[in-house]
Amino acid sequence: MSYYPYPQNPYQRPPESTGLSVASLVLGILSMLGFAIIILVPLAGVITGHLGYRREPNSRALSLAGLITSWIALVIAALVYAFVIWLVLWMPGAIYDYTDYAYNDLDYT
């Protein structure tokens with residue numbers, strides 16, 4: 001009685017996709033380069049980074065790098081937006097502040 005080993009499987013599993021992680025990294029880099037002004041770019045980077053971190057365990061480093069850069073750009077964009085809104089609301093009051101003028105001391109003679 002001879003034992004033959006089972007034949008090897010000629011088909012290999014296809015490599016896991018790293019599309020979400022790479023997309024997160026690309027969006028994170030783009031948002032750090034200045035596209036964070038369009039708030040959707042870092043927001044999309046955060047979303048794809050979280051999805052890639054959960055679904056693609058082989059490329060967690062890529063998705064983590066994309067998450068970090070996207071979150072940093074999102075915070076910077078939020079601070080810039082808050083500063084611009086504060087500046088727009090504060091500047092008209094600072095420019096047209098006529099409370100320093102005393103209307104009673106005017107000499108009309």
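## Exercises on a three-helix chain

Among contacts (heavy atoms within 4.5 Å) in the chain between residues at least 6 apart in sequence, 74% join residues at least 24 apart. The model is predicted, so local features need pLDDT of at least 70 and side-chain atom pairs count only at pLDDT 80 or more, while totals for chains, interfaces and linings use all residues. Residues are numbered from 1 along each chain as its sequence is written, and side-chain values use heavy atoms, with hydrogens and water left out.

**Exercise 1.** Describe the secondary structure of the chain and how much of the chain is buried.

*Solution.* Begin with the elements, where helices (H or I, at least four residues) and strands (E, at least two) are DSSP runs numbered from the N terminus. The chain has three helices and zero strands, and from the N terminus on their order reads α-α-α. Turn next to burial, where buried means under 20% relative accessible area, exposed over 50%, and partly exposed in between, with a 1.4 Å probe and protein chains only. Of the 109 residues in the chain, 19% are buried.

**Exercise 2.** Find the span of helix α1 and decide where its buried residues lie around the axis.

*Solution.* Helix α1 covers residues 19-32, which gives 14 residues, and its first and last C-alpha atoms lie 20 Å apart. That is close to the 20 Å expected at 1.5 Å a residue, the expected span being 1.5 Å times one less than the number of residues. The buried residues of α1 are Ser21, Ser24, Gly28 and Ser31. Seen down the axis of α1, these buried residues fall within an arc of 95°, so they line one face of the helix; the arc is that of the directions from the helix axis to the C-beta atoms. As a general rule, an α-helix has 3.6 residues a turn, so residues three or four places apart point the same way. Just after α1, Gly34 takes a positive phi of about 125°.

**Exercise 3.** State whether Ser70 and His50 are buried or partly exposed, and list their contacts beyond four places in sequence.

*Solution.* Ser70 belongs to helix α3 (residues 60-95), and because its relative accessibility is 0%, Ser70 counts as buried. Not counting residues up to four places away in sequence, Ser70 touches Ser24, Leu27, Gly28, Ser31, Pro42, Gly45 and Val46. His50, by contrast, sits in helix α2 (residues 40-55) and counts as partly exposed because its relative accessibility is 45%. Leaving aside neighbours within four places, His50 is in contact with Leu67 and Trp71.
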